[in-house]
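Biologist: Could you walk me through this fold, one question at a time? I'd like each answer to show its reasoning.

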Amino acid sequence: MKITDFAIIFIIIVLPLLIFSQWRSEDTNTFAKLNHQYDGAMTVASQDAIDQLRTNAKPNQEAGYDSMKFNRVNPDPAFQTFIHTLALNLGAEDKVTKELMARYVPVFAILDYDGALLNVYQSFENAEGMKELKRVWLPKIPFSYHDKAGNIVSFTLDDYVSVYDVNLKEWVNGKREWIKDEVSIPLLQDADLFDRTRRDTIVNTFQNELAYYINEHNVYTKQLGITYKFTLPLIPQEDWYNTVDDISIFAFFQGFPYERGQGTYNQYALAGSRLFRADVIQAATVNGQRIFFNKSCGFPYPVDEIYPNKKEAARAGYKEKSCLNVR
């Protein structure tokens with residue numbers, strides 16, 4: 001066999017492999033770019049929703065315990081802002097496309113001062129007797145704890161509680177320190193145990209409700225024209241616990257088909273509003289970069305300095321790192 005024959009055979013075997021390898025490389029690069037674009041869209045949409053939440057929660061007051069106690073968040077503008085910004089950043093501007101995109105958001109949730117607010121799809125019977133689907137806000141879900149004696153404790157984002165004392169047969173409201181001697185509930189006597197139980201109750205309530213309603217979304221997927229199986233993503237416990245001290249949003253965007261190529265985009269965002277209480281500004285040097293961030297972010301960086309506000313940190317030469325957790 002001539003050497004030219006070997007060359008032809010080599011080309012026949014190797015050339016398709018080279019073409020396939022090149023195609024896979026281009027496909028991977030395209031996927032990475034799309035993923036980066038969609039992650040950016042989620043970040044901006046979540047941040048815009050948080051900004052809207054801040055605006056409608058306290059139009060005339062600074063953030064603080066009293067203002068949040070009497071000026072609760074208006075959740076719907078935050079959700080509408082999230083969908084609007086997400087759609088714009090993914091190139092969808094018309095109302096129909098936005099509504100289609102919203103079908104891939106099984107749950108949009110807000111951790112409010114005294115309970116969970118969830119926006120989900122629900123089935124209703126209309127005036128003509130026909131069933132239809134539409135997004136609704138569920139009644140607020142309280143963060144309730146029951147002890148073995150039958151006492152009930154409804155937690156908030158701080159130590160203010162509403163408790164039902166079975167011995168008194170009445171409800172008592174107030175900060176733990178104020179009412180602990182008025183009631184016979186052991187949990188209120190130990191500040192550390194109270195705080196741990198409060199955090200666990202809020203996190204467990206939120207996890208259980210989100211898991212239930214994300215799974216419930218699968219009941220409606222056929223009517224919504226979706227084949228994706230929705231489930232609660234695996235979220236690190238530290239991310240859950242970083243959210244229980246402030247009003248926050250939980251946004252899930254799952255099963256959304258990529259504009260090009262195969263596969264679906266699945267992401268979630270947890271974002272704190274810093275509405276309820278002032279945050280500490282910490283500064284650190286990470287990989288040679290001087291950054292500052294909110295303490296509530298929970299970043300594991302050694303802290304160089306602490307500042308009273310962002311302006312002071314920026315003046316000292318630090319650059320802000322967003323507290324938004326997008327996974």
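Biologist: Happy to have it on screen! In the open sheet that contains β4, β5, β6 and β7, which strands are the edge strands?

Modeller: Keep in mind that this is a predicted model. Four strands make up that open sheet, in the order β4-β5-β6-β7, and their pairing is antiparallel. Neighbouring strands are turned by 20° against each other on average, direction ignored. Pairing on one side only marks the edge strands, and these are β4 (143–146) and β7.

Biologist: Which residue stands opposite V153 in β6?

Modeller: Strand β5 (residues 152–155) runs antiparallel to β6, and three bridges join the two. Across from V153, the residue in β6 is V163.

Biologist: And which residue in the turn between β6 and β7 has a positive phi?

Modeller: Strand β6 (residues 160–165) pairs with strand β7 (residues 170–175) over six bridges in the antiparallel sense. One bridge partner pair is Y164 with W171 of β7. The two strands form a hairpin with four residues between them, and the turn residue with a positive phi, about 60°, is K169.

Biologist: Nice. What angle does the direction of α6 make with that of β4?

Modeller: Helix α6 covers residues 191–216, Q207 among them. The helix packs on the β4-β5-β6-β7 sheet, touching β4, β5 and β6, and its direction makes an angle with that of β4 of about 120°.

Biologist: Is Q207 buried or exposed?

Modeller: Leaving out residues up to four places away in sequence, Q207 touches L232, Q237 and W240. Its relative accessible area is 17%. Buried means under 20%, so Q207 counts as buried.

Biologist: Let's turn to α3. How far apart are its end C-alpha atoms, and what span should they have?

Modeller: Helix α3 (residues 75–89) has 15 residues, and at 1.5 Å a residue it should span 21 Å. The end C-alpha atoms agree with that, being 22 Å apart.

Biologist: Is α3 roughly parallel or roughly perpendicular to α4?

Modeller: Helix α4 takes in residues 95–102, and the axes of α3 and α4 lie 10 Å apart at an angle of about 110°. Angles of 65 to 115 degrees count as roughly perpendicular, so α3 is, relative to α4, roughly perpendicular.

Biologist: Which residues of α4 make the contact with α3?

Modeller: The buried residues of α3 include I83, L86 and A87. On the α3 side, the contact is made by I83, H84, L86 and A87. From α4 come K98, M101 and A102.

Biologist: In the hairpin of β2 and β3, which residue takes a positive phi?

Modeller: Strand β2 (residues 115–125) and strand β3 (residues 131–137) run antiparallel, joined by seven bridges. Among the partners, F124 is matched with E132 in β3. Five residues sit between the strands of this hairpin, and the one with a positive phi, near 80°, is G129.

Biologist: One more sheet, please. What is the bridge partner of A284 in β11?

Modeller: This open sheet has four strands in the order β12-β10-β11-β13, with mixed pairing. Its edge strands are β12 (305–307) and β13 (319–320). Six bridges join β10 (residues 281–286) to β11 (residues 289–294), running antiparallel. In β11, the partner of A284 is I291.

Biologist: Finally, how much of the protein chain counts as buried?

Modeller: The chain holds nine helices and 14 strands. Its accessible surface comes to about 17,900 Å², with 53% belonging to carbon and sulfur atoms. Of its 327 residues, the share that counts as buried is 42%.

Conventions. Residues are numbered from 1 along each chain as its sequence is written. This is a predicted model: local features need pLDDT of at least 70, side-chain atom pairs count only at pLDDT 80 or more; totals for chains, interfaces and linings use all residues. Side-chain values use heavy atoms; hydrogens and water are left out. Buried means under 20% relative accessible area, exposed over 50%, partly exposed in between (1.4 Å probe, protein chains only). Contact means heavy atoms within 4.5 Å. The expected span of a helix is 1.5 Å times one less than its number of residues. Two strands pair if DSSP finds at least two bridges between them. Accessible areas come from the Shrake-Rupley method with a 1.4 Å probe; for residues, only the protein chains shown count as cover. Axes are lines fitted to C-alpha atoms, for helices over the stretch in contact, and angles run from 0 to 180 degrees between N-to-C directions. Angles under 35 degrees count as roughly parallel, over 145 as roughly antiparallel, 65 to 115 as roughly perpendicular and the rest as oblique.
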